[in-house]
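User: I should like to go through this model and ask, for each description of it, what the description rests on. Please set each value against its criterion before concluding.

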Amino acid sequence: MSLIARHLEENGIPTVVIGAARDIVEHCGVARFVFVDFPLGAPCGEPWNVAQQREIFAQALHLLETATGPRTTVAPPYTWSKGNDWKRLVFTEEQPWQDPDTKAKWLSRKDEYRRLKADGKL
Amino acid sequence: MDHVRYIDRTREDYLRQGYEKSYQWAHFEDVPFAPLKKPLRECRIGLLGTSEVAVHFDPEKGEVNPIDEQDFRGVYPIPAATPTEKLYSRTLSFDRNATHLDDVGAFFPIDRLREAVADGRIGSMPMRVYGAYNNYSQRKVMSQEAPKALACAREDGLDAVVLVPV
């Protein structure tokens, strides 16, 4: 996603990224970034918390107007309502990223991708 | 509590799974920057997300899938008029232990974009919004997806784009 943002910027189209993986986005480097310190899957606010989602989106629009140079990150100070345990657990041995069911789905998609590629459809 | 270092965590995860090399995340020293050329209230703002957004449709009611499945592995358009309740995510790349994908607003802010138009905060939104597949290959993103996203943004007359990686 950051690569797409960079390509748009290089060609004169301003972008703002709303994301939850700060290190990945900043490692790549983008023009404007609203970093929301929430689990992957909820970068725009907690599910069903429309008021919070509005605030986050408003920050993204504001950043489009106000940023004066690249690598401008804003980090609104939200805390995930169920606490911060997810930060300790994500991608750890204690809590694998994929449960067996998800892993099976993921492998099946990977196979399908290879098949489409072999058929010249990708 | 400080933010999660996903690059380190996924590296360790790869090694635990027995892979010899971990994923090489893209890295650049220089970052391009395009200033906004006119006031936001006059801008047409686009939306692109990697949450693999799809559309519920019922073939028995004569509904067809508005997304071309051939495009689903790259950058693909979704009609912006699609009712939000028909949108859902097919992504597997989210923290299922911490959250869920039942509310599209948490990862694909199409309702927020519509509100911004209604409030006069932005000028307009295009007739289509975009999904992008979570592509593993940076070469493919650079050679195919990024140029397609740019072509779409130009066709739609976008003045700026909100991008949401899941």
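**Strand E6 of chain B and its surroundings**

Analyst: In this predicted model, E1(B) and E6(B) run parallel and are joined by 5 bridges. At E6(B), B:Val164 is the bridge partner of B:Gly49.

User: What makes E1(B) and E6(B) a pair of strands?

Analyst: Pairing requires at least two bridges between the strands. E1(B) and E6(B) have 5 bridges, so the criterion of at least two is met.

User: How do you know that E1 of chain A pairs with E6(B), and in which sense?

Analyst: The same criterion of at least two bridges applies. E1(A), residues 15-19, and E6(B) are linked over 3 bridges in the parallel sense, and they therefore count as paired. Along E6(B), A:Thr15 stands opposite B:Val161, and A:Val16 stands opposite B:Val162.

User: Why is E6(B) called mostly covered?

Analyst: A residue is buried if 20 or more other C-beta atoms lie within 10 Å of its own. In E6(B), 5 of 5 residues are buried. Both faces are covered, with B:Ala160, B:Val162 and B:Val164 on one side and B:Val161 and B:Leu163 on the other.

User: Which residues does A:Ile18 contact beyond its neighbours within four places in sequence?

Analyst: Within chain A they are A:Val34, A:Val36, A:Pro43, A:Cys44, A:Ile56 and A:Ala60. From chain B, A:Ile18 is in contact with B:Val162 and B:Val164.

User: What makes up the largest nonpolar core?

Analyst: That core has 66 residues, and those with the most contacts inside it are A:Ile4, A:Ile18, A:Ala60 and B:Ala149. Helix H3 of chain A, residues 50-66, contributes the largest share, 6 residues. In soluble globular proteins, nonpolar side chains tend to be buried together.

User: Why is helix H1 of chain A described as largely enclosed?

Analyst: Of the 9 residues of H1(A), which spans residues 2-10, 7 are buried, so the helix is largely enclosed by the rest of the structure. The buried residues are A:Ser2, A:Ile4, A:Ala5, A:Arg6, A:His7, A:Leu8 and A:Glu9. They pack against E1 and helix H2 of chain A, and against E1, E5, H3 and E6 of chain B. After H1(A) comes A:Gly12, whose phi is positive, near 90°.

User: What makes chain A more spread out than a compact globule?

Analyst: Chain A has 5 helices and 3 strands, in the order α-β-α-β-α-β-α-α along the sequence. For its 122 residues the globule rule gives 14 Å, whereas the radius of gyration is 18 Å, well over that value, so chain A is more spread out than a compact globule. The C-alpha atoms of chain A fill a box of roughly 45 × 40 × 25 Å along the principal axes. Buried residues make up 38% of the chain.

User: How many residues of each chain are in contact across the two chains, and which part of chain B gives the most?

Analyst: Contact means C-beta atoms within 7 Å, and 62 residues of chain B are in contact with 65 residues of chain A. Helices H1, H2 and H3 and strand E6 of chain B each supply at least two residues to that side. H3(B) gives the most, with 8 residues. By class, this side of chain B has 39 nonpolar, 11 polar and 12 charged residues.

User: What confidence does the predictor give?

Analyst: The mean pLDDT of chain B is 93, and 100% of its residues reach 70 or more. For the complex, the ipTM is 0.95 and the pTM is 0.94.

Conventions
Residues are numbered from 1 along each chain as its sequence is written. Chains are lettered from A and ligands numbered from 1 in the order in which they are written. This is a predicted model: local features need pLDDT of at least 70, side-chain atom pairs count only at pLDDT 80 or more; totals for chains, interfaces and linings use all residues. Helices (H or I, at least four residues) and strands (E, at least two) are DSSP runs, numbered from the N terminus. Ala, Val, Leu, Ile, Met, Phe, Trp, Tyr, Cys and Pro count as nonpolar, Asp, Glu, Lys and Arg as charged, and the others, Gly among them, as polar. pLDDT is the predictor's confidence in each residue, from 0 to 100. A nonpolar core is a set of buried Ala, Val, Leu, Ile, Met, Phe, Trp, Tyr and Cys residues joined through C-beta atoms within 7 Å. A residue is buried if 20 or more other C-beta atoms lie within 10 Å of its own, exposed if 12 or fewer, and partly exposed in between; C-beta atoms are placed from the backbone. The radius of gyration is taken over C-alpha atoms; the globule rule is 2.2 Å times the number of residues to the power 0.38.
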